[in-house]
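Work through the exercises below with the coordinates open. Each task is followed by a stepwise solution.

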Amino acid sequence: MMDAVASHYAGGGDLSSAIADSLRKAGKAMDRLTTADLATVDEFHIRGRKATLELAGHLNLDASSRVLDIGSGLGGPARTLAETFDCHVTGIDLTREFCEAATTLSAWVGLSDRVDFRHGDATRLPFDDASFDAAMTLHVAMNIAAKDRMYAEARRVLKPGGRFVVYDVLQGEGGEVLYPVPWAREPSISHLATPAAMSSLLSDAGFRVAKVEDSTEQCQRWFEEMAARMSESHRP
Ligand SMILES: C[S@@+](CC[C@H](N)C(=O)[O-])C[C@H]1O[C@@H](n2cnc3c(N)ncnc32)[C@H](O)[C@@H]1O
């Protein structure tokens, strides 16, 4: 099942070369790239970098913070935090190609000393207990059936008092998921929790749930704005 998730995301081919090609086509100078130049491809969640910064605001970060990003994808959220707070972020992701591309993209924008990426599974984190001051996970648990193990692992690697932010698509009242969706082409790798189940899972893992925010409306607006931009750009 884990392989099915990684192959859903991996695609095939050399990811960082493909990203470099599209950046050059968009007129970007590769020797002067910024994290903002990457933001349309490397923040792989609804509301992109804006959402990352909102979430990071709950983590009490400063330059001494060591942060874990669980399911770090191409590393955009990790770089955003490292650049904004001058902290150190470690990303871990099941898709090896994403970890390799995340490392390359970080070098392009001069952040290699403040981020690093490991290939691994959120339900078996390869880190010692109490290694991180804070942790985040953005749009990842939708692919993970064993959320109890995922959150227990997050709790284990956090220092006492460490904060954890979770930003995920949850099962609402609108009925069954209609496939394909960005995280799955079919149901076998899609595991949405309801808001109530998510809160219980986090409490059971030893977290005190300090705040719950439903961003459905902002997310819907973000999709509408994106659709409007796309139809504008396709207009003859
Ligand atoms: C929609 S992407 C989000 C990436 C990143 N968090 C972001 O917001 O840009 C979901 C990511 O979760 C990763 N993932 C899924 N299941 C995982 C697991 N069991 N352990 C670690 N990463 C996982 C995938 O490989 C993919 O990179």
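**Exercise 1. Place Arg79 and list its surroundings.**

Step 1. Arg79 sits in helix α5, residues 76-85. Helices (H or I, at least four residues) and strands (E, at least two) are DSSP runs, numbered from the N terminus. The model is predicted: local features need pLDDT of at least 70, side-chain atom pairs count only at pLDDT 80 or more, and totals for chains, interfaces and linings use all residues. Residues are numbered from 1 along each chain as its sequence is written, and side-chain values use heavy atoms, with hydrogens and water left out.

Step 2. Check burial. Arg79 counts as buried because its relative accessibility is 1%. Buried means under 20% relative accessible area, exposed over 50%, partly exposed in between (1.4 Å probe, protein chains only).

Step 3. List contacts, meaning heavy atoms within 4.5 Å. Neighbours within four places in sequence are set aside. Arg79 then touches Thr35, Leu38, Asp42, Leu74, Ala102, Leu105, Ser106, Val109, Leu111, Val115 and Phe117.

Step 4. Look for a polar contact. That is a pair of N or O atoms within 3.5 Å; within protein, one must be able to donate a hydrogen and the other to accept it, and residues adjacent in sequence count only if both atoms are side-chain atoms. A polar atom of the Arg79 side chain lies 3.1 Å from the backbone oxygen of Ala102.

Step 5. Compare sequence and space. Arg79 and Leu111 are 32 residues apart in sequence, and their C-alpha atoms are 7.1 Å apart.

**Exercise 2. Is Leu105 buried or exposed, and what does Leu105 touch?**

Step 1. Leu105 belongs to helix α6. The helix spans 96-108.

Step 2. Its relative accessible area is 0%, so Leu105 is buried.

Step 3. With neighbours within four places in sequence left out, Leu105 contacts Ser16, Ile19, Leu38, Asp42, Leu74 and Arg79.

Step 4. The C-alpha atoms of Leu105 and Arg79 are 9.4 Å apart, across 26 residues of chain.

**Exercise 3. Find the buried face of α2 and describe both ends of the helix.**

Step 1. Helix α2 covers residues 15-25, and its buried residues are Ser16, Ile19, Ala20 and Leu23.

Step 2. These residues fall within an arc of 100 degrees seen down the axis, so they line one face of α2. The arc is that of the directions from the helix axis to the C-beta atoms.

Step 3. The buried residues of α2 pack against α3 and α6.

Step 4. At the N-terminal end, Asp14 is the cap: a side-chain oxygen lies 3.2 Å from the backbone nitrogen of Ser16. Just after α2, Gly27 has a positive phi of about 85 degrees.

**Exercise 4. Repeat the analysis for α7, then move to Thr137.**

Step 1. In α7 (residues 147-157), the buried residues are Lys147, Met150, Tyr151, Glu153, Ala154 and Val157.

Step 2. Their arc around the axis is only 155 degrees, which puts them on the same side of α7.

Step 3. The cover over these residues includes β1 (66-70), β4 (132-138), β5 (158-167) and α8 (195-204).

Step 4. Thr137 is in strand β4. Thr137 counts as buried because its relative accessibility is 0%.

Step 5. Not counting residues up to four places away in sequence, Thr137 touches Asp69, Ile70, Met150, Phe164, Val165, Val166 and Tyr167. A polar atom of the Thr137 side chain lies 2.9 Å from the backbone oxygen of Ile70.

**Exercise 5. Which backbone features stand out at Arg47, Asp86 and Pro180?**

Step 1. Arg47 is not a glycine, yet its phi is positive, about 75 degrees. Arg47 lies in the loop between α3 and α4. At 9% relative accessibility, Arg47 counts as buried.

Step 2. Asp86 is not a glycine either, and has a positive phi of about 65 degrees. Asp86 lies in the loop between α5 and β2 (88-93). Asp86 counts as partly exposed because its relative accessibility is 41%.

Step 3. Tyr179 and Pro180 are joined by a cis peptide bond, with omega about 0 degrees. Pro180 is in the loop between β5 and α8.
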